[in-house]
Amino acid sequence: MTHPFLDLPPLSADRFASIEDRVARLMSTEQNVVIMQGEALLPLEGAIRGCAGPGTTALNVITGPYGQTFGSWLRDCGATVHDLAVPFHTAVTAAQIREALAEHPEIDFVSLVHAEAATGNTNPVEEIGAVVREHGALFYLDAVASIGAEPVLPDAWGVDLCVIGAQKAMGGPAGVSAVSVSERAWARMAANPGAPRRSYLSLLDWKERWIDGGRTALLHAPAQLEMLALEACVERIETEGLDAVTARHRSAAAATRAGALALGGGLEPFVHQDAEAAPVATTLRTPSGVVASELVAAALRSEPALPLAAGGGALAKEMIRVNHYGADATPEVVRASLATLGAALRESGAVVDLAAARQAAAEAWPQD
Ligand SMILES: *Cc1c(COP(=O)(O)O)cnc(C)c1O
């Protein structure tokens, strides 16, 4: 008996290449797009190890937990690293980047996270890209949490290495991921003696053995099921329309934010400025005396399917994450999340206005 997951014909090189092309279209890029056979941390690490070495001076922007990780990879490669950290309730500004570059003119690599699902902020990549371009540094961007939720335009923004994953706003699989690579980035890697070669982390292997060979022979057996899932998810986005998908995420974030403010009970948006709040997920600060992880646990006991989580690490005490992405970017999920959090807050003794929250969320969702 054939099994739908198991008895599949091999994934051909042609099919693999066509999936890469579709992902490239989704990113509006003419650059090479390499689909890596692992979760997004694979191209995130591979791109840093490929480009950075003892001669590199990096500006590493920290607006959430991933920036910390990039800094350790960069240092591990022997790079000199200047960290630019901003409080997690804000975004970084292009002016701050300009200042850091002026202070250390030798910077030739800038790493940035576009949107932070973990902290709920999003950074002005277009403006920052112009500053980085002018300075001449290579620009590395983690767009895992922004792709599908807001525009991601590596070519227009001058991004040399743009990493995406399908598991957030694209509503796809987590097991494969992609990176667009500019000619400048390829040249930097080719000139880097420490760049991974003959390694699972190696982007150069894909360049030399896959791209330069006309994409006719894969390096190794691909993650077939994940590739098919990625193809299906891109197809679904094409059918709905990328603009409609991003609009849905923008509405979900606006509705959650407005609803939480109207709910009262001391719940507040974690990210202070509307414009700095990421469309992919909304973070909320709990009132003093209410432990976020306990509130989330109570909410999930009554509605286990809701995309609610407490913040990671120390933020578990004070931060609630409403992960309204992918299939969860709907008015129903937002409404239920607000209602359930509101009920849990009321249980803890807070005074909340569930009807006002519901109305504010509905008004903030244009097509609702
Ligand atoms: C989700 C995410 C990733 C991928 O990491 P996971 O731990 O697998 O979810 C990478 N970067 C950012 C900014 C993310 O939000």
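Analyst: Two strands pair if DSSP finds at least two bridges between them. That rule is applied here to a predicted model.

User: Which strands make up the open sheet, and in what order?

Analyst: The sheet has four strands, ordered β8-β9-β11-β10, with antiparallel pairing. Its edges are β8 (268-269) and β10 (308-310), each of which pairs on one side only.

User: How do you know that β10 and β11 pair?

Analyst: DSSP must find at least two bridges. Between β10 and β11 (residues 319-322) there are three bridges, in the antiparallel sense, so the criterion is met. Within this pair, L308 stands opposite V322 in β11.

User: What lies across these strands?

Analyst: Two helices do. Helix α10 (residues 242-263) lies across β8, β9 (282-285) and β11, at about 15 degrees to β9. Helix α11 (residues 292-302) lies across β10 and β11, at about 155 degrees to β10. Angles run from 0 to 180 degrees between N-to-C directions, so the two values fall toward opposite ends of that range.

User: What makes β7 a partner of β1, and what makes β7 a partner of β6?

Analyst: The bridge counts. Strand β1 (residues 32-36) pairs with β7 over five bridges, antiparallel. Strand β6 (residues 161-165) also pairs with β7 over five bridges, antiparallel. The threshold is at least two, so both pairs qualify. On the β1 side, M36 stands opposite S177. On the β6 side, C162 stands opposite S180.

User: Why is β7 called mostly covered?

Analyst: Buried means under 20% relative accessible area. In β7 (residues 177-181), five of five residues are buried. S177, V179 and V181 point one way, A178 and S180 the other way, and all are buried.

User: Why is N192 called buried?

Analyst: Its relative accessible area is 8%. The cut-off is under 20%, so N192 counts as buried. N192 sits in the loop between α7 (183-190) and α8 (203-211). Leaving out residues up to four places away in sequence, N192 touches R49, G50, C51, A52, G53 and R197.

User: Why is L225 called partly exposed?

Analyst: The value is 43%. Partly exposed covers the range between under 20% and over 50%, so L225 falls in it. The residue is in helix α9 (residues 224-240).

User: What makes L225 eligible for a nonpolar patch?

Analyst: A patch residue needs over 30% relative accessible area. L225 has 43%, so it passes that cut-off. Leu is among the nonpolar side chains considered. L225 forms the surface patch with F5 and L6, with about 340 Å² of accessible area together.

Definitions and conventions. Residues numbered from 1 in each chain as written. Predicted model: local features only at pLDDT ≥ 70, side-chain atom pairs only at ≥ 80, totals over all residues. Heavy atoms only, no water. Patch = residues over 30% accessible without salt bridge, like charges linked within 9 Å, V, L, I, M, F, W, Y side chains within 5 Å. Areas by Shrake-Rupley, 256 points an atom, 1.4 Å probe, with all protein chains shown as cover. Salt bridge = Lys/Arg side-chain N within 4 Å of Asp/Glu carboxyl O. Buried < 20%, exposed > 50% of the residue type's maximum accessible area, 1.4 Å probe, protein only. Contact = heavy atoms within 4.5 Å.
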